[in-house]
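Colleague: Got a minute to go through this model with me? I'd like to know what stands behind the words we use for it.

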Amino acid sequence: MQIYVPTFRHASSGAGIVLLYAPNYEQFRPAYPLSESGSILGRDPSADIYIPTRTASRQHARIELRGGVWQLSDLGGRNGTIHNGEFVTEAVLAHLDEIRIGDAIFKFVESDAEAYAHYRIDGAYFDDPDAPEEARPRFSTSRIVGGYQSQRLAGRVREIARSELSVLILGESGTGKEIFAEQLHDWSGRRGPLQAVNCAAIPATLVEGELFGHRRGAFSGADRDRMGILRAAHQGTLLLDEIGDMPVEAQAKLLRVIQSKEITPLGAAQPEQVDVRIVAATHRDLDALQQAGAFRADLFARLNEFSITLPPLRERKEDMFSLCVALARRHDRPEVRPSMAFMASLLHHDFPYNVRELETLIKRWAATARGPELDLQDVSDEIRNRMRTYGARSSAPPLPPTDDARATLIPEDGAALSAHEGAYAPKGALPPRTSPDEKALRELLVQQRGNVAAVARELGRDRAQVHRWIRRYNMNVDEFR
């Protein structure tokens, strides 16, 4: 099997396309920088971006910078070019847009294409982008699964792991905040254990006892001493998960512990020394909570000595394949083999619950007695329904086929469920290839109180597309909630 490592054939602005999946991904480069003057994508080895699959035409598509905007043009191949789930003749590219050429799926990035090129979708890392093809890639041995974005954050964490800095990990629910905390503890070299507490799951009246412990007789029913989670984490790391939901009264007491390195269990007369590294995690907007008086600014300053924000899964879909494999191993199914249809379905979905939602799919499949293949039967009903609009035809007139458009048709993979029949669209949906202007989108977000799923249903589009429009107009969806 021929394995490609990334090499750069011409200079670019940093924009490029990143491979999300192809059945023969080892034969692709992980990412391809784009030339501002134009890059031809195709099966011809002389193409600017060589697409090594029979389902691509010899000259399949072109991406170029025109008037300061990156544009994608289909060159008339039999299989067509899919942009964000729709066949197109031409399309303006925005950051994170998805492009399908035959059975290879990419995403467009506005910058850092060269950095993405070090990371293959199976987790392989290439030190030298210009290394010979026989050079053996390295694989990460950390808990953190993923490519450029994930490993860049992992590198930042590793740099400060042996320090005493408190760490704040931000990100949507299900993005892997606990995994990063566990990895930080592993790298810290601290002798004590990692202890975790979910601040949202403890009633306000019990937070103090859970954190600091109590002495026997401290209150009715306290028939024995209780250590408390802070003392249990002595010389180790304490993960305060969902710190944004901690009651204000408990925040004040936690602040004193961080400042003094002492705790006083309920019912105790003397404080006790504790050596604990604090890691806090939340999906909440702590700035907004501070303005509302629900989170102490002085505690935030103490927790925020070092912070990272984990990207949602919809922004790092190049990690999808390696996550599927890693999650299958976690659930004792190392023989996993995702199908093209399965991967196309996952990549078309925006995963509002992030990796946790993906793990639910894998866990459900792992519980069955079926073989190693992950296929369409293993996706959720929501994902299956989304695929009803996959392969819609643009309303723009098609370009005439070119002489070299002689690729075979895309095999029936079940992913393009409506590719040859037009696509289902909800009543009142936008016409194909049209988008709401900023005012209309803002009004819908106000009406739906920032519920992106509801806006998507109203427009008859995917949530992922609504998120793209929100980014295009530089909106913050939290402002509408």
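**Helix α6 and two sheets**

Modeller: Sure, start with α6: residues 248-260, 13 residues, reaching 19 Å from the first C-alpha to the last, close to the 18 Å expected at 1.5 Å a residue. This is a predicted model, where local features need pLDDT of at least 70, side-chain atom pairs count only at pLDDT 80 or more, and totals for chains, interfaces and linings use all residues. Numbering runs from 1 along each chain as its sequence is written, and side-chain values use heavy atoms, with hydrogens and water left out.

Colleague: Why is α6 called a helix, and where does the expected 18 Å come from?

Modeller: A helix is a DSSP run of H or I with at least four residues, while a strand is a run of E with at least two, numbered from the N terminus. With 13 residues, α6 meets that cut-off. The expected span is 1.5 Å times one less than the number of residues.

Colleague: What makes a residue of α6 "buried"?

Modeller: Buried means under 20% relative accessible area (exposed is over 50%, partly exposed in between; 1.4 Å probe, protein chains only). Ala250, Gln251, Ala252, Leu254, Leu255, Val257 and Ile258 in α6 are buried. Their cover includes α4 (207-212), β16 (236-241) and α8 (297-303), with contact meaning heavy atoms within 4.5 Å.

Colleague: How do you know that β15 and β16 pair?

Modeller: Two strands pair if DSSP finds at least two bridges between them. β15 and β16 have five, in the parallel sense, so they count as paired. One bridge links Ala196 with its partner Leu239 in β16.

Colleague: And β3 with β4? What is the count there?

Modeller: Two bridges, again parallel, and the cut-off is at least two, so that pair counts as well. Ile49 in β4 is the bridge partner of Leu41.

Colleague: Which order do the strands take in the sheet that holds β15?

Modeller: The order is β15-β16-β19-β14-β20, an open sheet with parallel pairing. What makes β15 (194-198) and β20 (306-309) edge strands is that each pairs on one side only.

Colleague: How confident is the predictor overall?

Modeller: pLDDT is the predictor's confidence in each residue, from 0 to 100. The chain's mean is 85, and 84% of its residues reach 70 or more. Over residues 1-12, though, the pLDDT is below 50, and over residues 396-428 likewise below 50. Where pLDDT is low, the predicted coordinates should not be read in detail.
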